[in-house]
Amino acid sequence: MEYLIGIQGPDFVLVAADNVAASSIIQMKHDYDKMFKLSEKILLLCVGEAGDTVQFAEYIQKNVQLYKMRNGYELSPSAAANFTRKNLADYLRSRTPYHVNLLLAGYDDTDGPGLFYMDHLSSLAKAPFAAHDLTRDDAVDLLKKCIEELNKRFILNLPSFTVRLIDKEGIHDLEKLAHGAK
Amino acid sequence: MPLEDTASTINVIDYNFGLSRQKTSNRNSGVPLHFFLPTSPDSAPFHYRPSFHFPASNHSLNVIRPFTLAHGTTTLGFIFQGGVIAAADTRASAGGLVACPAVHKITPIHSHLVVTSSGSGADCMLWERILAREIRLYQLRHRQRLSIRGAAKLLSFMLHPFKGTDVCVALTLCGWDKEAGNTGCLIYVCSDGTRLQGDVFSVGSGSPYAYGVLDRGLRWSLSRDEAISLAREAVFRATHRDAYSGNNVDLFHITAQVHQV
């Protein structure tokens, strides 16, 4: 059971993912990173079936990097999201569909921050709104409240979360958020 | 079209699994690449449509097995300051029968890599041999040894076409290479596609019991003897409680040189 969250502010996107890599009921890793850096200002968060996540996410990642090598400039977050969705859709009715759910977060120099949700049936939804006047600290507080609620009501234990922030400067690693229960 | 054609999937160029007509590769100066690899029952070459359709296989559907597969084993591996320890029990079980009390579940692949196996015994034996062959071929072609991470990725890619079939292989690659710096490298590769690098892994039906012992006693600063006795204790406790693990304990310690304990 995995958890991804993205919060879009006026000029940034904050994303967090849990750190558990599980195999049936056993936590095999406590510090697993579910975010894939597509480019300097785009992150792909990927959860779902065991092997599909890494295979699919790395495929998208390498293709986005290839685009930059061929054309000299990077794909925008919106273009990357649509490319990802197209790939999911193409495989959906094949013999080997990818069972992954994704959040793509990025900062476009012209359009600003963007947060896209994609699921294994290849639906794509762009969050059409952002919280107004949300500072970065407010966003981190909001995130902490979400994690607190999660640890209160979700049946599974998700002890720690990787947190990253994307703005016009690029991707910043924030402090890992850990749940206090021992 | 600026991006890769979506019809070309994750097709590792050198490994065509004998399905396409391409026999040699320019990169390898004409070294033949057409070799035997088990063909997956419902895989088709990525670039043409078969004339008849295999029944669609969906990863999330459960495949009906002719008999129940039991994966009884306890294997573990962990990294500490003195290198990497790999340990496993030696029982091969087929349902309720102890098929063999003295199986080697830890196989040295080359001087700095051992593989612990669990899952289906036949599948593990085959895939270990395939992995050993591919690593050796890489070494011959590129004149340097493949890193542990590279070997894990290679194995994961080779297993990918068989995802959703009955192939059940859960290997832990334990090794030492320059890329990992002065510590060892421990990577868990599973036939469902999981590939995880970490500091401690235990796999098999006895793994919860082994984790219980390991999680308490494991520290980076263990001495060689402490680490060996911790590994042995963990496997022993698992064999005590798990019906499908038992008999003896095999233990390997990997440093700059591999030697069996």
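1. How many residues join S7(A) to S8(A) in the hairpin? Three residues do this. Keep in mind that this is a predicted model. The two strands of the hairpin run antiparallel and pair over seven bridges. One bridge to look for is that of Leu104(A), whose partner in S8(A) is Phe116(A).

2. Now look at the turn itself. Asp111(A) lies in the loop between S7 (100-108) and S8 (112-118) of chain A. Is Asp111(A) buried or exposed? Asp111(A) is exposed, because its relative accessible area is 61% and the cut-off for exposed is over 50%. For a sense of distance, find His179(A) as well. Its C-alpha atom is 35 Å from that of Asp111(A). Along the chain the two residues are 68 apart.

3. Strand S7(A) itself tells another story. Eight of its nine residues are buried, so S7(A) is largely enclosed by the rest of the structure. S7(A) also pairs with strand S6 (residues 42-48) of chain A. These two strands run antiparallel and are joined by seven bridges. Here Cys46(A) stands opposite Leu102(A) of S7(A).

4. A general point helps when you view strands like these. In a regular strand, side chains alternate between the two faces of the sheet.

5. Return to Phe116(A), the bridge partner of Leu104(A). The ring of Phe116(A) has a charge over it. The charged end of Lys126(A) sits there, 5.5 Å from the centre of the ring.

6. Next, the start of chain A. Strand S1(A) covers residues 4-8, and four of these five residues are buried. A hairpin of four residues joins S1(A) to S2(A). S2(A) spans residues 13-18 and runs antiparallel to S1(A), with five bridges between them. Within this pairing, Gly6(A) is opposite Val15(A).

7. How many aromatic pairs does a search of the whole structure find? Over all chains, the search finds seven. One of them is Tyr3(A) with Phe161(A), an edge-to-face pair. The ring centres are 6.0 Å apart and the planes meet at 90°. This pair links distant parts of the chain. Tyr3(A) is in the segment before S1(A), while Phe161(A) is in strand S10 (residues 160-167) of chain A. The two are 158 residues apart. Phe161(A) is buried, because its relative accessible area is 0% and buried means under 20%. Elsewhere in chain A, Phe56(A), Tyr91(A) and Tyr98(A) form one aromatic cluster.

8. Helix H3(A) repays a slow look. This helix runs over residues 136-153, 18 residues in total. From first C-alpha to last it reaches 26 Å, close to the 26 Å expected at 1.5 Å a residue. Its buried residues are Ala139(A), Val140(A), Leu143(A), Ile147(A), Leu150(A) and Asn151(A). Why do they line one face of the helix? Seen down the axis of H3(A), they fall within an arc of 115°, so they share one face. The other side of H3(A) carries exposed residues: Asp137(A), Lys145(A), Glu148(A), Lys152(A) and Arg153(A). The buried residues pack against S1, S2, S10 and strand S12 (177-178) of chain A. S1(A) and S2(A) are the antiparallel strands of point 6.

9. Turn to chain B as a whole. Chain B has four helices and twelve strands. Of its 261 residues, 47% are buried. Take the contacts in chain B between residues at least 6 apart in sequence. Of these, 63% join residues at least 24 apart.

10. Finish with helix H4(B), residues 224-241. At 1.5 Å a residue its 18 residues should span 26 Å, and its end C-alpha atoms are 26 Å apart, which agrees. Which residues of H4(B) are buried? They are Ala227(B), Ile228(B), Leu230(B), Ala231(B), Ala234(B), Val235(B), Ala238(B) and Thr239(B). They cover an arc of only 165° around the axis, so they lie on the same side of H4(B). The face turned away from this buried side carries the exposed residues Asp225(B), His240(B) and Arg241(B). The cover over the buried residues includes strands S1 (75-80), S2 (83-89) and S11 (249-254) of chain B, along with helix H3 (207-217) of chain B.

Technical notes
Residues numbered from 1 in each chain as written. Chains lettered and ligands numbered in written order. Predicted model: local features only at pLDDT ≥ 70, side-chain atom pairs only at ≥ 80, totals over all residues. Heavy atoms only, no water. Expected span 1.5 Å × (residues − 1). Buried < 20%, exposed > 50% of the residue type's maximum accessible area, 1.4 Å probe, protein only. Arc of directions from axis to C-beta. Contact = heavy atoms within 4.5 Å. Pairing = 2+ DSSP bridges. Phe/Tyr/Trp six-rings, centres within 6.5 Å; stacked < 30°, edge-to-face > 60°. Lys NZ or Arg CZ within 6 Å of the ring centre and 35° of its normal.
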